[in-house]
Amino acid sequence: MSVKALIDKLQEQGCLTKQEFVQLFTQKTSEDIAYAAQLARSIADQYYGKNIFVRGLIEFTNYCKNDCYYCGIRRSNSKVERYRLTKEEILQCCDEGERLGFRTFVLQGGEDMTYTDEAIAELVREIKSAHPACAVTLSLGERERSSYECFFEAGADRYLLRHETADEEHYQKLHPAEMSLTHRKECLRQLKEIGFQTGCGFMVGSPYQTPETLAEDFLFIHELQPEMIGIGPFIPHQDTPFAKEPGGLLEDSLFYLSLLRIMEKHILLPATTALATIDPKGREKGILAGANVLMPNLSPVAVREKYQLYDGKVCTGDEAAQCRNCLEHRVETTGYHIVVDRGDCV
């Protein structure tokens, strides 16, 4: 079967076999990539029209108890200047965000247990009280089910937890022994059961990734049925064990975005900052490949350079308003437009 025929089969049936996914990844041509992008964009248009949703990203702590081999804020990186935002600083970011037209705030941080369940819940309650028309997304890593239930009861709407890779052997090559893929997947399933709009995702081109491990990612995503999927190219950080590893490719990232849109048609699919980091028009290309979400930074400018998951991250010096206006113009060049909307999954 040709790659084009496999893409059509993916659209019609919603999934492929592992072997068929491997063929897709290994035999694609530039014509196949263009075909997938066109099909993905038409599907996104059917569900969301010409609307692109923005989320205000607040990176509120760069402390992390984990030591993932690819991450710049891993606990053993002594070169990181650590910080934690206060509740008042986070609430100020939200105030500014709603004024600029953001209707979703994404609270993202390392796995920093200084923020207790109750502290996070209280923060969520205060944000929802001050901004009742806005959604709150949390991205705090792995916690216990009781923690997730506490956050949901406080009013949190969504939870992002990238699984990074769905293949056990690959996962072990990217993480220290104390971390468990089984537990991470279980967290994602619990989040779905509790009622969160749930997001997972993986790195494109991470060390030791193969077409077979990628196929496992697609199969796991289809099984989980998330509302959001975040993928982006692996970008090495100079102070990690993977500093000398090659980064993920733009072409592959865009192709996988398209395939995810074709497979899980209704999803919220970001064009990530990592895309814009490896290509000046990465966000625009992501939109044209099927993405419909952008996540500009609302964090205080003074701390943005301290939240470096990888080298060369863009927009660390822009004020929130500058970044929002810049995105507005960039999106319009693609024939789409940013809307002031929570942007829930349809």
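Which residue in β3 stands opposite Ile58? Leu107 does, and I will come back to that pair after a word on the model. What we have here is a predicted model, in which local features need pLDDT of at least 70 and side-chain atom pairs count only at pLDDT 80 or more, while totals for chains, interfaces and linings use all residues. Residues are numbered from 1 along each chain as its sequence is written, and side-chain values use heavy atoms, with hydrogens and water left out.

Let me start with the sheet, where strands are DSSP runs of E with at least two residues, helices are runs of H or I with at least four, and both are numbered from the N terminus. Two strands pair if DSSP finds at least two bridges between them. Six strands form an open sheet with parallel pairing, in the order β2-β3-β4-β5-β6-β8, and its edge strands, β2 (56-61) and β8 (228-229), each pair on one side only. Between β2 and β3 (residues 104-109) there are five bridges, and this is where Ile58 faces Leu107.

Now to the salt bridges, each being a side-chain nitrogen of Lys or Arg within 4 Å of a carboxyl oxygen of Asp or Glu; by this rule there are 30. One of them joins Glu111 to Lys65 at 3.3 Å, N to O, and it links distant parts of the chain, 46 residues apart, with Glu111 in the loop between β3 and α5 and Lys65 in the loop between β2 and α4 (87-99). Glu111 is buried at 6% relative accessible area, whereas Lys65 is partly exposed at 41%, where buried means under 20%, exposed over 50% and partly exposed in between, using a 1.4 Å probe and protein chains only.
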